[in-house]
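Work through the exercises below with the model open. Try each task before reading its solution.

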Amino acid sequence: MDDRTLIYKIQRGQKELLNEIAEKYYDDIYRFCCYLTGQREDAYDLAQETFLRFIQYVDHYRYRNLKGYLLTIARNLCMDYLRQGKGEVPTDMTEAMPKESGGMEERGGCSDGISELVERQFFLGELQKLPRIQREALLLYYYSGLKIREIAVITTVPVSTVKSRLKQGVEKLKKSMEEDNVKSKISLS
Amino acid sequence: MEKEFAALQKGLLIDGKKRAVALARISKEVREKKIRVTPSLGHRLYVQLHYMEKWYLLFPVLMAAGLLGVVKLLSRQEGWRIELISLLSSGIAFMGIFGAISVSRIFANHMGELEAACFFHVGEIVAVRMILSGLINGVMICVCAFILRGWMREELLKVLVYILTPFLASNCLYFALFLFLREKNMLFVFLAAGAVCACLWLILLCVPWAYEEGMLAAWMLLLLVSVIVFIGEVCLMLGQIREGEMVCSHWN
Amino acid sequence: MLTLELNHLRKEFKNKVAVSGLSLKMEEGVYGLLGANGAGKTTLLRMLCDILKPTSGSVLCNGAQIREMGGEYRRMLGYLPQEFGYYPDMKAERYLRYLAELKALPPELIGDKTEELLRMVELYEVRNKKIKTFSGGMLRRLGIAQAMLNDPEILILDEPTAGLDPKERIRFRNIISSFSRNRIVLLSTHIVSDVEYIADRILLMKQGELIRQGTLGQITEGIRGCVWECVAQGAQAEELNERYAVSNLRNCGDKVSLRIVAEEKPMQEALCVEPNLEDAYLYYFTVKEGVGAY
């Protein structure tokens, strides 16, 4: 069932379908909260709270882009979280290697090699160094795939501001990655 | 940049247990959630149309058709012109009772009190029924005016004024009776009032100069007064419904 | 926590004051409103349902004025009037569906909810019969069903068991008891036993005022020492019956056993007994003007 149909049926009384939406989008929202706040543990609560809020608002929600709407809620929650001074120190996003026992405890991850993992780790670390408004813009654009116009609405700034945040964010990120790459090569050698 | 961010899609293991706990909490919220629907005006019109008795929407149509038939027959007579308008407007004045009856039925069956405690308030229900009734009556009046204009070769506006004025003026009487009488069974009251109004407007058959050019201003004035009085009555009715005494059927 | 607060609620009509300056705070639970005809119970209920506008005072639901909340308050409400209305030629199931629409139930839920309630009040078999064919008891059951259509957080019932036989009355009590968790239920009735077993709090209303309120224990404790049982014969029994408020009278052979509510001992041999709610009703509405509340 597509999102539009889900929302239509929910608003007509089939509220159990809200569980389907949570199941479908939890992982994406969790990751978004995690990358934005830099906090692995608190991101579970932030993602949960996103859906609880959505359930509260669903009666009056006018369908347009469900994922975008969920991201808006998540983004606002994360911003409030960060404004409270939490998430000063990004937590370690080290991913464990996939367990050979095949336990079903973890979700996501993949069987990429170690070098891909290390690269991802490095990139995440650099991302956390960015100012939060640039990090947010980058995540919404590159990670969540939203359009600049949509990001402008979510972040309540003009389109030009979004563009400049993206540009500055990308530049800073590239520069930071280059510098740290050089440093790590020097330290290794 | 796209490549690096795309890689993030796959990355980051999510703790299945914590995820399950979050989803369980969400599920609990879903169980407790009460979906609140706010029906659109269109849906409210549909609900009244679907559930209410249809006769008081059909009767105006049947009556208008019958009146037109009679008028058509009589129009073949020589010299019958003004009489046609008088006859038609007399019949249409009577037709106005159906709208009033449909509103009074709510109160006659003591549904008013129950509906006053619903989300879709009895005042809104009354308004919706009046809109539906008004639409049907309005269409019938326009059709009659249009047809009569063709037969009489008169201006459409004039014919409309000659027909609309008795209709609205009579409705002023019906709603006044409804507001001030509060009988349990208003049906006979309305039928009697309708008959009286029909006869009164028929008197114009004996006053041919009432339809002369010079009298048009008087007709329009009467129409304007009727509109104002009718609107006033409707506002008064809705106000009294909101106050509540009007809807309560049973007093100790 | 759901709360309903009545602040100096007053309703005046042309020739009388039906409710005078009534204040009360209600939280979740079952409230039994007892009072004679003309006490103002129905007027009070109508004001709580946002049907009647108070002359002065207000009703607040979780701190907000219900007159201003309008539809959003009535959405939470279920109401069974004393004389409830219906279209005689409508079939029972269609009637419930119509009311479900008026209560803005989500469209997908209307069918299931209607069926569930018809089964609950044992009217499912006659769902396609016209309401005008229903007996008094069946009408009352239909009324209870419509009041519960929207799963109301606030349920207000005016004489809900009128016309119900004892079995139906017990069934009704059980329905209300199980329904009342996390909700406010207000039952207005003459029938003391309706309220005795299920009400968490009892409200006694007389001439527009709340003369007493409290739990069953608190109400009956208030008249401890005023309820007597005695046995008398013939003329003496008649005299006692005329002089005192008698809550129960039974013939035992040539003697008469009386249960009397009075502040003083009615006769030498009378025994003081444990008061019940009916005794309290008789005491406050016949014997004495009660003042104050717990």
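**Exercise 1.** How many residue pairs are in polar contact between chain C and chain B?

*Solution.* Start with the ground rules. This is a predicted model, where local features need pLDDT of at least 70, side-chain atom pairs count only at pLDDT 80 or more, and totals for chains, interfaces and linings use all residues. Residues are numbered from 1 along each chain as its sequence is written, chains are lettered from A and ligands numbered from 1 in the order in which they are written, and side-chain values use heavy atoms, with hydrogens and water left out.

Now apply the criterion. A polar contact is a pair of N or O atoms within 3.5 Å; within protein, one must be able to donate a hydrogen and the other to accept it, and residues adjacent in sequence count only if both atoms are side-chain atoms. Chain C and chain B then give 20 residue pairs, both residues at pLDDT 80 or more.

**Exercise 2.** Which helix of chain C gives the most residues to the side that touches chain B?

*Solution.* Helices (H or I, at least four residues) and strands (E, at least two) are DSSP runs, numbered from the N terminus. Contact means heavy atoms within 4.5 Å. By that rule, 44 residues of chain C meet 39 residues of chain B. At least two residues each come from helix 1 (41-48), helix 3 (71-74), strand 6 (77-80) and helix 4 (92-102) of chain C. Helix 4 of chain C leads, with seven residues.

**Exercise 3.** Find the salt bridge that Glu153(C) makes with chain B.

*Solution.* Look for a side-chain nitrogen of Lys or Arg within 4 Å of a carboxyl oxygen of Asp or Glu. Four salt bridges cross the interface of chain C and chain B. In one of them, Glu153(C) pairs with Lys34(B), at 3.1 Å from N to O.

**Exercise 4.** Describe the contact of chain A with chain C.

*Solution.* Count first: four residues of chain A touch four residues of chain C. Next, take the buried area (accessible area, 1.4 Å probe, that two parts lose on being put together, summed over both). Chain A and chain C bury about 380 Å², with 55% from carbon and sulfur atoms. Arg12(A), Gly13(A) and Gln14(A) supply 91% of what chain A buries there. One salt bridge is found between chain A and chain C. Its partners are Glu108(C) and Arg12(A), whose closest N and O atoms are 3.3 Å apart.
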